[in-house]
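Colleague: I'd like to learn how to read helix packing and pockets in a model. Could you walk me through one?

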Amino acid sequence: MSEKITSAFDAVFSKQFNEFSNIYHWNGTVRNSAITLPHHSWWVAALSKMIALEMDLPKGVQLKGVEYALFHDIDEMFTGDVMHPLKYNEHNGEQIRDLLKDFVKQKSSSFFDVSFPVGKFLNGIINNGKKYDEKVKAIVKLADNLSLLNYSIVELKSGNKHFQDSFNYCSGSLLSSAFDRLYKAFESNKHDVIFGMNSYIND
């Protein structure tokens, strides 16, 4: 029985998550403290829950936000960490994103064992088979950006001046666009103060 359980665990979980747990966020950047993608994903999940609570959203939306947040970067199991400024640069960002999407789809099709529920679930997220409401995506996007901002602040406080540009980017246009997406998703700006962040970015 123990060998059967070990074999199943290795096939379903270890194979599919060990690589992910060894990928570091902010690759290619000089940093004083290392943060892995699972660490980042936990932060995004926690912040998603806090944002949903702050907005007094139904528990179903809160849970979907946490679920999506935990796996929002799962495609980086195959690509490694690709930083936002590269993926969204104005010159060839769209082309880079299309190449990454095709590469991940090709790799994931043979990697995940869809005979197991977890494999089917992860394969669905990567290949857009599992759809999330735009409200959920907007919450997670804001949480993701707040997590990036938090890490930039931590690095700056540690004396790492290399993160000044990252802080400016995360606290400026990136965060502003996340709030805009949130307002559009909820068709309202009545939730215009979340942790006091909206007033902060508009100063």
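Colleague: Let's start with handedness: is the crossing of α3 and α8 right-handed or left-handed?

Modeller: Keep in mind that this is a predicted model. To read handedness, look at which way the near helix is turned from the far one. Here α3 and α8 make a right-handed crossing. On the α3 side the contact involves V61, K64, G65, Y68 and A69, and α8 brings V136, K137, I139 and V140. Sorted by class, that gives six nonpolar, one polar and two charged residues.

Colleague: At what angle do α3 and α8 pack?

Modeller: Helix α3 (residues 59-71) meets helix α8 (residues 134-157) at about 55°, and their axes are 9 Å apart. That angle makes α3 oblique to α8.

Colleague: How do α2 and α3 run relative to each other?

Modeller: Angles over 145 degrees count as roughly antiparallel. The axes of helix α2 (residues 37-54) and α3 cross at roughly 160° and come within 8 Å, so the two helices are roughly antiparallel to each other. Their crossing is right-handed. From α2, the residues in contact are S41, V44, A45, S48, K49, A52 and L53, while α3 offers Q62, G65, V66, A69 and L70. The classes here are seven nonpolar, four polar and one charged.

Colleague: And what is the angle between the axes of α8 and α9?

Modeller: Roughly 165°, with the axes coming within 9 Å. That makes α8 roughly antiparallel to α9. For handedness, α8 passes α9 in a left-handed crossing. The contact of α8 with α9 breaks down into 17 nonpolar, five polar and five charged residues.

Colleague: On to pockets. What volume does the largest pocket have, and how many residues line it?

Modeller: With a pocket, I'd go from the volume to the lining, then to what supplies the lining. The volume of the largest pocket is about 1400 Å³. Its lining has 44 residues, and Y68, H72, D75, K87 and Y88 are the ones nearest its centre. You've already met Y68, one of the α3 residues in contact with α8.

Colleague: Which helix supplies the largest share of that lining?

Modeller: That would be α9, with seven residues. At least two lining residues come from each of α3, α4 (76-79), α5 (84-87), α6 (93-111), α7 (117-126), α8 and α9 (164-186).

Colleague: How does the lining divide by class?

Modeller: Into 19 nonpolar, 10 polar and 15 charged residues.

Technical notes:
Residues numbered from 1 in each chain as written. Predicted model: local features only at pLDDT ≥ 70, side-chain atom pairs only at ≥ 80, totals over all residues. Heavy atoms only, no water. Axes fitted to C-alpha atoms, helices over the stretch in contact; angles between N-to-C directions. Helix = DSSP H or I, 4+ residues; strand = E, 2+ residues; numbered from the N terminus. Parallel < 35°, antiparallel > 145°, perpendicular 65-115°, else oblique. Contact = heavy atoms within 4.5 Å. Nonpolar A, V, L, I, M, F, W, Y, C, P; charged D, E, K, R; others polar. 1 Å grid on protein atoms, 1.4 Å probe; cavity = no way out; pocket = protein on both sides within 12 Å on 5 of 7 lines; lining within 4 Å. Points joined across faces, edges and corners; volume = space filled by probe spheres on them.
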